[in-house]
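Student: I would like a close look at a single part of this structure, with its surroundings explained in plain terms. Please start from one pair of residues and work outwards.

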Amino acid sequence: MAAGFLKTKVGRRFLAVNLLTAFVPVALVIAVSFHFVNAELRHQAETRVVRLGRTLGLGTLSYLTSLSWQLREGVDSTNAARFFEQVTLDDARAAGTPVPTGPAATPPPAPLTDAERTHLAGGRPLVRLAPAPEGQRVLLARARLPWNDQAQPVQWALLRSEALFGESDESVTAEDAVACIFDTRTLAVIHCTDGATPAQRDLMTARARRGGIEHDSIGRDGVFTSARDIYLRHEYAAAEWRTVVLQPESASFAAARVFRNTFLGLAAAVLALIFAVSHAQIRRTTEPLARLQDGTRRLEAGDFGTPVVVQGDDEYAQVATSFNHMASSLHQTLQRLDALQAGTVLAFARAIDANSPWTAGHSERVTTVALEIGRTLHLSAADLDTLRRGGLLHDIGKIAVPPEILDKARRLSDEEWVVMRRHPVVGCEILAPIPAFADTLPIVRWHHERMDGTGYPDQLRGEEIPWLARIAAVADVFDALASHRPYRAGLSTREACDIIQRSSGTHFDPRVVHAFMDAVAAGRITAEASADASSQLAATVARAREAVAASA
């Protein structure tokens with residue numbers, strides 16, 4: 001009965017109420033909470049990418065300022081090689097030209113303009129980009145002291161990439177992200193962190209062109225990209241650089257993924273708990289009802305001995321106890337009624353048979369023989385009960401036949417046969433108004449029909465004759481043959497069986513005759529028993545009639 005409660009209206013109603021009042025609201029709260037928390041985590045992922053871009057930009061600007069200060073303080077120190085690949089002067093004839101700290105110097109891409117010389121004369125550094133096979137190289141220039149002396153050569157330094165971008169790259173890669181820095185005028189790549197794939201570079205180039213922050217995708221993988229400008233125009237007389245940071249969604253949503261897994265697992269556990277509790281409560285409510293319903297069906301089918309078992313001490317258990325008491329009381333009442341009905345029918349049959357001393361006990365003997373045939377044919381209990389009541393009442397219509405016809409020792413006249421042959425119809429008319437005897441009417445009306453269609457009262461033929469009426473017909477004729485009559489003595493078992501066998505197929509159903517002969521062979525049916533009983537009852541009825549006549 002794991003889901004048996006869904007077969008009941010009460011169970012379905014309880015389930016709907018639980019879903020509407022508990023399951024659905026909790027699921028709705030979980031869904032809304034998940035939506036807003038997930039949106040907040042997405043916002044935080046975007047903010048993290050923006051922060052990485054800002055960190056990269058500010059770090060780059062800070063390191064550029066530091067390197068400018070290092071260049072101003074002097075490049076002949078032992079630490080110069082840590083920051084610069086090459087340091088040179090734009091006037092090679094000037095005295096004190098330092099020895100290069102790296103490979104051949106990368107010359108300035110173009111002569112200084114008046115504006116740049118003015119910028120340098122103000123003591124501020126100058127930044128230029130120089131093309132290189134792997135990207136743009138950063139050149140840093142400062143005017144030698146005194147800055148306002150136009151004859152002083154300009155000092156140029158080719159910056160080491162790791163000195164300018166190294167620590168910023170580490171902060172980016174620590175977040176499982178990649179980044180590139182672009183020249184805003186040409187979108188030339190100045191620098192990219194290690195590990196950036198061609199597809200990521202292409203996406204970051206597109207982001208550098210548009211700026212802003214977006215949730216993009218590379219193939220099937222989602223990524224967050226953020227662009228931020230580094231303003232160099234005032235301090236370094238250079239065009240702005242643009243940093244673009246790209247972080248895969250798997251890294252951006254790492255915390256969100258942990259949250260989702262935890263949240264969804266917890267939500268599923270809560271919903272499962274609610275469903276389990278609801279299921280248990282619904283079963284606790286509906287199972288007793290189902291057992292009571294099954295008990296009612298068993299009562300309807302006649303099973304009064306199987307009690308309804310409901311554990312507990314609540315109202316359901318009390319109702320089950322009351323139901324069992326009611327079933328027991330009803331069973332006792334029905335037993336008394338059945339006994340009363342059986343006794344009434346038996347008494348009625350005896351009263352009818354006593355109308356003639358020669359038919360006394362006939363209905364009981366016919367019933368006994370019919371039941372033996374029915375058991376041999378393996379009839380159901382219901383059919384045997386119908387056969388019993390029908391056998392006792394099959395001749396009830398003889399109450400309308402005068403005693404002089406019943407006791408006549410000679411052959412009946414045609415007029416007397418008309419009266420005699422009406423007794424099946426009269427019997428049906430007597431019993432028809434009583435619903436309890438409706439199933440016995442076919443036996444009462446048609447126990448004198450024949451298989452060849454020559455019987456009475458309706459001349460039914462073969463299978464038209466009801467099955468139980470065909471059984472009663474054999475039993476009725478056998479008892480008539482075996483019982484004593486005014487005009488002859490009762491026949492022996494062998495003689496009666498021979499007559500019945502000769503009539504198989506014409507008068508009687510062959511299957512019934514076969515079952516009858518089996519019962520006779522087993523010794524359960526004998527003509528002697530019928531003859532002895534009929535003689536004793538005939539004598540008793542005769543003495544009773546004489547006593548009544550004498551008293552009158």
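Student: Which residue in β6 does Ile181 stand opposite?

Tutor: Ile181 stands opposite His191 in β6. Keep in mind that the model is a predicted one. The pair belongs to two strands, β5 and β6, which run antiparallel and are joined by 3 bridges. Another pair to look for is Cys180, whose bridge partner in β6 is Cys192.

Now follow the chain from one strand to the other. β5 and β6 form a hairpin with 5 residues between them. One residue in that turn is Leu187, located in the loop between β5 and β6, with β6 covering 189-192. Most residues other than glycine have a negative phi. Leu187 has a positive phi of about 60 degrees, although it is not a glycine. As for its surroundings, Leu187 has a relative accessibility of 22%, so it counts as partly exposed. The cut-off matters here, because buried means under 20% and exposed means over 50%.

The strand itself is another matter. In β5, 6 of the 6 residues are buried, so the strand is largely enclosed by the rest of the structure. Its side chains can be sorted into two sets: Val178, Cys180 and Phe182 point one way, while Ala179, Ile181 and Asp183 point the other way. Both sets are buried. Ile181, the residue you asked about, is thus in the set with Ala179 and Asp183.

β6 is not the end of the pairing. β5 also pairs with β9, residues 241-248, in the antiparallel sense over 6 bridges. Within that pairing, Asp183 stands opposite Trp241 in β9.

Next, step back along the chain to what comes before β5. The loop between α4 (161-173) and β5 (178-183) holds Asp176. Here again a residue other than glycine has a positive phi, and for Asp176 the value is near 60 degrees. With 55% relative accessibility, Asp176 counts as exposed, because the cut-off for that word is over 50%. So the picture around β5 has a loop residue, Asp176, that counts as exposed, then a strand whose residues are buried, and then a turn residue, Leu187, that counts as partly exposed.

Further along the chain is helix α5, residues 198-210. This helix has 13 residues and reaches 19 Å from its first C-alpha to its last, close to the 18 Å expected at 1.5 Å a residue. Its buried residues are Gln200, Leu203, Met204, Ala206, Arg207 and Ala208. To read such a list, it helps to know that an α-helix has 3.6 residues a turn, so residues three or four places apart point the same way. After α5 comes Gly211, whose phi is positive, near 80 degrees. Unlike Asp176 and Leu187, this one is a glycine.

For contrast, there is also an open sheet of 4 strands elsewhere in the model, with the order β1-β4-β3-β2 and antiparallel pairing. Its edge strands are β1 (84-89) and β2 (126-132), each of which pairs on one side only. The twist averages 25 degrees from one strand to the next. In this sheet, β2 is joined to β3 (residues 135-143) by 7 bridges, and the two run antiparallel. Pro131, for example, has Gln136 as its bridge partner in β3. Strand β1 contains Val87, which is buried, with a relative accessible area of 2%. Val87 and Leu139 are 52 residues apart along the chain, and their C-alpha atoms are separated by 9.5 Å.

To return to your pair: Ile181 is one of the buried residues of β5, and the residue opposite it in β6 is His191.

How values were computed
Residues are numbered from 1 along each chain as its sequence is written. This is a predicted model: local features need pLDDT of at least 70, side-chain atom pairs count only at pLDDT 80 or more; totals for chains, interfaces and linings use all residues. Side-chain values use heavy atoms; hydrogens and water are left out. The expected span of a helix is 1.5 Å times one less than its number of residues. Buried means under 20% relative accessible area, exposed over 50%, partly exposed in between (1.4 Å probe, protein chains only). Two strands pair if DSSP finds at least two bridges between them. Axes are lines fitted to C-alpha atoms, for helices over the stretch in contact, and angles run from 0 to 180 degrees between N-to-C directions.
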